[in-house]
Amino acid sequence: MYVAETTIRVRYAETDQMGVVYHSHYFQYFEVARAECIRHLGFTYADMEKTGIIMPVVEVNCKYLRPALYDDLLTVKTILKQLPEDHKILFHQEVYNEKNELLATGNVLLFFMNAATRQRAKLPDVLYQKIKPSFDAAGNQ
């Protein structure tokens, strides 16, 4: 399993009149955390695009448990529970506040696609090699 954590401060513009984060902003938090997760591995979305691979979101869901509020410092955990070995990658994401209360959970499924043909592609080997040691260390394959 691979876990990365990203912190995000809730901005006023992300909240409603009650100071509560508007539901759609969680998807932006998920996106920021996914990009940072890959960056923590020593790779970036830009690096991937240079290889001719893009990663469109094909499915996303979020379960809201508690509200996030204006100026909260959120921690978004991004978890890869399975080593991706084909054309898709599933990110599990959890959002916590500063009290370590779980606010929301979600899953985001992305496909690897050839940018030129828009056809499914395999996980780029360079990214596979960066993720694989996290699974080897835990005895998972």
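Hi everyone, this is a short walk through one protein chain, from its overall build down to a few residues in its sheet.

A word on the ground rules. What you see is a predicted model, where local features need pLDDT of at least 70, side-chain atom pairs count only at pLDDT 80 or more, and totals for chains, interfaces and linings use all residues. Residues are numbered from 1 along each chain as its sequence is written, and side-chain values use heavy atoms, with hydrogens and water left out.

Let's begin with the whole chain. The protein has three helices and seven strands; these are DSSP runs, helices being H or I with at least four residues and strands being E with at least two, numbered from the N terminus. Reading from that terminus, the order is β-α-α-β-β-β-β-β-β-α.

How does the radius of gyration sit against that of a compact globule? For 141 residues a compact globule would be near 14 Å, and the protein has 16 Å, which agrees. That radius is taken over C-alpha atoms, and the globule rule is 2.2 Å times the number of residues to the power 0.38. Along the principal axes, the C-alpha atoms fill a box of roughly 45 × 35 × 25 Å.

Now the surface. The protein exposes about 8,000 Å², with 49% of that supplied by carbon and sulfur atoms; the areas come from the Shrake-Rupley method with a 1.4 Å probe, and for residues only the protein chains shown count as cover. Of the 141 residues, 42% count as buried, meaning under 20% relative accessible area, with exposed being over 50% and partly exposed in between (1.4 Å probe, protein chains only). As for contacts, meaning heavy atoms within 4.5 Å, take those between residues at least 6 apart in sequence: 68% of them join residues at least 24 apart.

On to the sheet. Five strands form an open sheet in the order 1-4-5-6-3, with antiparallel pairing. Strand 1 (2-9) and strand 3 (57-64) are at the edges with a single partner strand each, so one side of each has no neighbour in the sheet. On average, neighbouring strands are turned by 20 degrees against each other, direction ignored. Helix 1, residues 25-40, packs on this sheet and touches strands 1, 3, 4, 5 (88-96) and 6 (102-111), its direction making about 130 degrees with that of strand 1. For those angles, axes are lines fitted to C-alpha atoms, for helices over the stretch in contact, and the values run from 0 to 180 degrees between N-to-C directions.

Let me zoom in on the strand 1 side. Strand 1 pairs with strand 4, residues 73-80, in the antiparallel sense over eight bridges; for a pair, DSSP must find at least two bridges. You can follow the register: Ala4 is bridged to Thr78, Glu5 to Lys77, and Ile8 to Leu74. The side chains of strand 1 alternate, with Tyr2, Ala4, Thr6 and Ile8 buried on one face, while Val3, Glu5, Thr7 and Arg9 point to the other and are not buried.

Across from there, six of the eight residues of strand 4 are buried, so that strand is largely enclosed by the rest of the structure. Strand 4 is also joined to strand 5 by five bridges, again antiparallel.

My favourite spot is Thr78, in strand 4. Is Thr78 buried or exposed? Thr78 is buried, with a relative accessible area of 0%. Gln93 in strand 5 is a bridge partner of Thr78, and the two side chains make a polar contact at 3.1 Å. A polar contact is a pair of N or O atoms within 3.5 Å; within protein, one must be able to donate a hydrogen and the other to accept it, and residues adjacent in sequence count only if both atoms are side-chain atoms.

Beyond four places in sequence, Thr78 touches residues including Ala4, Ala33, Cys37 and Phe91. Cys37 belongs to helix 1 and is buried too, at 0%. Outside its own four-place neighbourhood, Cys37 is in contact with Tyr2, Ala4, Thr78 and Phe91.

One last stop, in strand 5: Ile89. Ile89 is buried, with a relative accessible area of 2%. Among its contacts beyond four places in sequence are Met55, Leu80, Val108 and Leu110. Thanks for listening!
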